[in-house]
Structures are given as structure tokens and as C-alpha cells.
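Me: Please take a close look at a single part of this model, the nonpolar core and the residue contacts around it, and then relate that part to the rest of the chain. A formal, connected account would suit my purpose.

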Amino acid sequence: MKTMVSSAMTCGALSQHLVRVEPGCALETHVHPTQCELHFVLQGSGKASLQEQKSDYRPGSLATIPAGAAHAVRAGSDGLTLLASFSPAQG
């Protein structure tokens with residue numbers, strides 16, 4: 001994960017991070033209790049789950065994850081790169 005926009009840059013309102021998930025690897029099911037998250041897929045492919053709903057991730061895909069919602073991402077055979085935005089900021 002590489003921070004592109006930090007909490008300090010936005011007074012804690014927003015942060016953005018480039019996230020690379022290697023081929024066949026996953027961001028296992030987790031929750032951000034107080035943060036909304038937005039995923040924008042830049043490269044690669046994979047599958048995402050949001051509270052048990054599955055969706056395909058491919059370049060241009062956009063997903064909104066409400067605060068407190070359980071979610072996970074698994075990269076396909078070509079890996080996955082996404083821009084993850086958090087509000088309020090993470091870290």
C-alpha cells in the first residue's frame with residue numbers, strides 16, 4: 001500500500017492509497033467501523049465481496065463500501081491494483 005493523499009493533507013477528512021494485491025492473494029474479510037471506503041480498480045482483475053454479495057473487479061470498476069460493512073477482495077491471476085479512498089482518513 002502506498003499513500004497518495006494523507007490524513008495530514010486533508011485535516012483528517014480523506015486519505016487515498018494505491019493498493020496492490022498480488023496474483024491469487026487476498027485482502028481477507030474485514031471492517032472499518034467508522035470509515036466509508038471507495039475502491040476504483042486501476043489494473044488487473046479479481047473478485048470482491050461486500051456483506052456476502054460478490055462482484056467482479058476489472059479496470060474501471062468502482063465500489064462503495066459503507067462504514068461497518070464487512071468486505072474482502074481477492075486478486076485474479078494477473079493481480080489487482082486499486083485506488084482506495086477512506087473518509088474520514090485512514091492513518
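Reply:

**A84 and the nonpolar core**

In this predicted model, A84 is in contact with S15, Q16, H17, V19, E37, L38 and H39, once its neighbours within four places in sequence are set aside. A84 also belongs to the largest nonpolar core, a set of twelve residues. The other members are V19, V21, V41, A48, Y57, A63, V73, A75, L80, L82 and F86. Three elements give two or more residues to this core, namely β2 (15-21), β4 (36-50) and β7 (71-87). Of these, β7 supplies the largest share, with six residues. V19 thus appears twice in this account, as a contact of A84 and as a member of the core.

The surrounding architecture may now be described. The chain contains seven strands and zero helices, and its pattern along the sequence reads β-β-β-β-β-β-β. Of the contacts between residues at least 6 apart in sequence, 70% join residues at least 24 apart. Buried residues account for 36% of the 91 residues in the chain. A buried residue is one with under 20% relative accessible area.

As to overall dimensions, the C-alpha atoms fill a box of roughly 40 × 25 × 20 Å along the principal axes. The radius of gyration is 12 Å, which agrees with the value near 12 Å for a compact globule because that is what the rule gives for 91 residues. The accessible surface comes to about 5200 Å², and 58% of this area belongs to carbon and sulfur atoms. Charged side chains number 6 positive and 6 negative, and the centres of the two sets lie 4 Å apart.

Strand β2 can also be approached from K2, which is placed in strand β1. Residues up to four places away in sequence not being counted, K2 touches Q16, H17 and L18. Two of these residues, Q16 and H17, are also listed among the contacts of A84. K2 and R20 are 18 residues apart in sequence, while their C-alpha atoms are 8.8 Å apart in space. K2 counts as exposed because its relative accessible area is 53%, and the cut-off for that class is over 50%.

The loop between β1 (2-5) and β2 holds T10. With a relative accessible area of 22%, T10 is partly exposed. T10 and the core residue V21 are eleven residues apart along the chain, and their C-alpha atoms are separated by 26 Å.

Backbone geometry calls for comment at two further places. Most residues other than glycine have a negative phi, and most peptide bonds are trans. In the loop between β4 and β5 (53-57) lies Q51, which has a positive phi of about 45° although it is not a glycine. E52, placed in the loop between β4 and β5, has a positive phi of about 75° and is likewise not a glycine. Q51 is exposed, with a relative accessible area of 53%, and E52 is exposed at 77% relative accessibility.

The second place is the peptide bond from S87 to P88, which is cis, with omega near -5°. P88 is located in the segment after β7, the strand that gives the core its largest share.

Note on methods:
Residues are numbered from 1 along each chain as its sequence is written. This is a predicted model: local features need pLDDT of at least 70, side-chain atom pairs count only at pLDDT 80 or more; totals for chains, interfaces and linings use all residues. Side-chain values use heavy atoms; hydrogens and water are left out. Helices (H or I, at least four residues) and strands (E, at least two) are DSSP runs, numbered from the N terminus. The radius of gyration is taken over C-alpha atoms; the globule rule is 2.2 Å times the number of residues to the power 0.38. Buried means under 20% relative accessible area, exposed over 50%, partly exposed in between (1.4 Å probe, protein chains only). Contact means heavy atoms within 4.5 Å. Accessible areas come from the Shrake-Rupley method with a 1.4 Å probe; for residues, only the protein chains shown count as cover. Lys and Arg count as positive and Asp and Glu as negative; His and the chain ends are not counted. The place of a charge is taken as NZ of Lys, CZ of Arg, CG of Asp or CD of Glu. A nonpolar core is a set of buried Ala, Val, Leu, Ile, Met, Phe, Trp, Tyr and Cys residues joined through side-chain atoms within 4.5 Å.
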